[in-house]
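Got your viewer open and a selection box ready? Let's take a short walk through this one, a stop at a time.

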Amino acid sequence: NTGRAIKNVRCIRFALVSLGDLRIIEAIIIYELQQAQGRRDAQQERTYQHLLQRAKSTLQRAISQEEVEKESIIDCKLLLATVYYLLGQLQTAQQMALQTMREAQEQETSRAIGRTQRLLGRIFAAQYRYDEADTSFEQAIELFRKKGLRLDYARALHGYGLTLLQRSFLSESISEQQELHQRGMHYLHIAHDFFADAHATIDLAWVERLIAEYDMPLSETTC
């Protein structure tokens, strides 16, 4: 009976984590749809926020389950930190991501370490802490490259490329603008090729939209 109960708890936890992850993906798809349309839609924004709040409560419930293995808790916390980031709650997202990183390093789970570094890169970039963002992204990219995690590698390049392109508009130096733009586009094109090879349709569509949006002379974007 005890074994069956533990198995049931594991099944429930797995279902909750999968549901939380699905809701995050649905929210991101809505966000990307808004970006592609070039306008904000009130109904889509409400749906986006609702999905993220549902994901948050689902993942919190998964973490609270008894008999949860360390690795599963790490996955839950990483997803929950992602939700906080998407909700714009950057301080909470950072704290949870750093806690997740410590636990992932203790368990020596390479994929979770790399994914947490990638998330921290996005969080630090949103906080304008660019040196820390660079370090986090570069560590994630190098880890995924060494471990042969091709899709994670491409997603890290995608995320880093986007933040570099966004930063290119904030720099007051023309030479720095050009350097950031060139690096950002370079990373997006590498990510594009990996997504195409992996038949990662959704990732490919997102990166193609970004390439089309940013692939123009920098002078035109800064006028």
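Leaving aside its neighbours within four places in sequence, which residues is T100 in contact with? Select T100 and then add I74, K77, L78 and T116: those are its contacts once the neighbours within four places are set aside. Keep in mind as you look around that this is a predicted model.

Now show the backbone around T100. You'll find T100 sitting in helix α4, which covers residues 90-107. Is T100 buried or exposed? Its relative accessibility is just 1%, so T100 counts as buried, the cut-off for that label being under 20%.

While you're here, pick out L79 as well. L79 and T100 are 21 residues apart along the chain, and a distance drawn between their C-alpha atoms should read 10.0 Å.

Next stop: I25. Colour helix α1, residues 2-37, and you'll have I25 in view as part of it. How does I25 fare for exposure? With a relative accessible area of 35%, I25 is partly exposed, because that label covers values between 20% and 50%.

Stay with I25 and switch on a surface. Add I29 and I202 to your selection: together with I25 they form a nonpolar patch on the surface. The accessible area of I25, I29 and I202 together comes to about 230 Å².

One last pick before you go. Select L51, which is 26 residues from I25 along the chain. Draw a line between the C-alpha atoms of I25 and L51, and the separation is 9.3 Å.

Technical notes. Residues numbered from 1 in each chain as written. Predicted model: local features only at pLDDT ≥ 70, side-chain atom pairs only at ≥ 80, totals over all residues. Heavy atoms only, no water. Helix = DSSP H or I, 4+ residues; strand = E, 2+ residues; numbered from the N terminus. Buried < 20%, exposed > 50% of the residue type's maximum accessible area, 1.4 Å probe, protein only. Patch = residues over 30% accessible without salt bridge, like charges linked within 9 Å, V, L, I, M, F, W, Y side chains within 5 Å. Areas by Shrake-Rupley, 256 points an atom, 1.4 Å probe, with all protein chains shown as cover. Salt bridge = Lys/Arg side-chain N within 4 Å of Asp/Glu carboxyl O. Contact = heavy atoms within 4.5 Å.
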